[in-house]
Amino acid sequence: TCGSGIRRRNVLCSNSQISQCFQFMWVVPKEQEPCTADADCQWIVEDWSACSSSCGHGMRRRAVHCSGNASHLCEGRGPRPAEAERCSSYDGCRWNVGDWSACSSTCGGGTRSRRGAGGG
């Protein structure tokens, strides 16, 4: 387990005669007390999101939390994993091109041009 809780125990008089126990011992031992367990504490890391940019550099994010909802207990087991990082994606990059110009020659060989720019 990971986190704060209460641990319990049975408190009984050894000879089952409660009146005799109170005759010699005025304070009854506690039956429960607060406790903290960190043996099973671990960082829970979810999958990365898609990159925020489909053409160039961006950021991607993920959720990170402690299994016992007590970050201070997980921090003793290792540093908190990153929740964001830079990323690059070029799947959405496309050429934006204009229309062809008229041919530079009205008879025979010539050239045509068009403007283009990369973008996403």
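## A guided tour of three salt bridges and a buried serine

Begin by selecting Arg80, which is partly exposed, with a relative accessible area of 35%. The model on display is a predicted one. With Arg80 still highlighted, add Glu83 to the selection: the two side chains meet in a salt bridge, with an N to O distance of 3.2 Å. Glu83 is likewise partly exposed, its relative accessible area being 36%.

This pair belongs to a set of 3 salt bridges found in a search of the whole structure. The next two stops show the others.

**Second stop: Arg60 and Glu85**

Select Arg60 and Glu85 together and display their side chains, which form a salt bridge at 2.4 Å, N to O. Colouring by secondary structure places Arg60 in strand β4 and Glu85 in strand β6 (residues 84–89), so the salt bridge ties together parts that are 25 residues apart in sequence. A surface view is useful here. Arg60 has a relative accessible area of 25% and is therefore partly exposed. Glu85, at 28%, is partly exposed as well.

**Third stop: Arg7 and Glu33**

Move next to Arg7, and select Glu33 with it. The closest N and O atoms of this salt bridge are 2.3 Å apart. Arg7 lies in strand β1 (residues 3–8) and Glu33 in strand β2 (residues 32–37); the pair links distant parts of the chain, 26 residues apart. Is Arg7 buried or exposed? Its relative accessibility of 52% is over the 50% cut-off, so Arg7 counts as exposed. Its partner Glu33, at 28% relative accessibility, counts as partly exposed.

**Last stop: Ser53**

Finally, centre the view on Ser53, which sits in the loop between β3 (43–45) and β4 (56–61). Is this loop residue buried or exposed? Ser53 has a relative accessibility of 16%, which is under the 20% cut-off, and it therefore counts as buried.

Two further selections show what surrounds this serine. Which backbone atom does the side chain of Ser53 reach? Select Cys55 and show its backbone: the Ser53 side chain comes to 3.2 Å from the nitrogen there. Then add Gly58 and Ser89, with which Ser53 is in contact when neighbours within four places in sequence are left aside. Of these two partners, Gly58 falls within the range of β4 (56–61), while Ser89 falls within that of strand β6 (residues 84–89). The tour thus closes at the two strands that also hold Arg60 and Glu85.

Key. Residues numbered from 1 in each chain as written. Predicted model: local features only at pLDDT ≥ 70, side-chain atom pairs only at ≥ 80, totals over all residues. Heavy atoms only, no water. Helix = DSSP H or I, 4+ residues; strand = E, 2+ residues; numbered from the N terminus. Buried < 20%, exposed > 50% of the residue type's maximum accessible area, 1.4 Å probe, protein only. Polar contact = N/O pair within 3.5 Å; in protein donor to acceptor, adjacent residues only side chain to side chain. Contact = heavy atoms within 4.5 Å. Salt bridge = Lys/Arg side-chain N within 4 Å of Asp/Glu carboxyl O.
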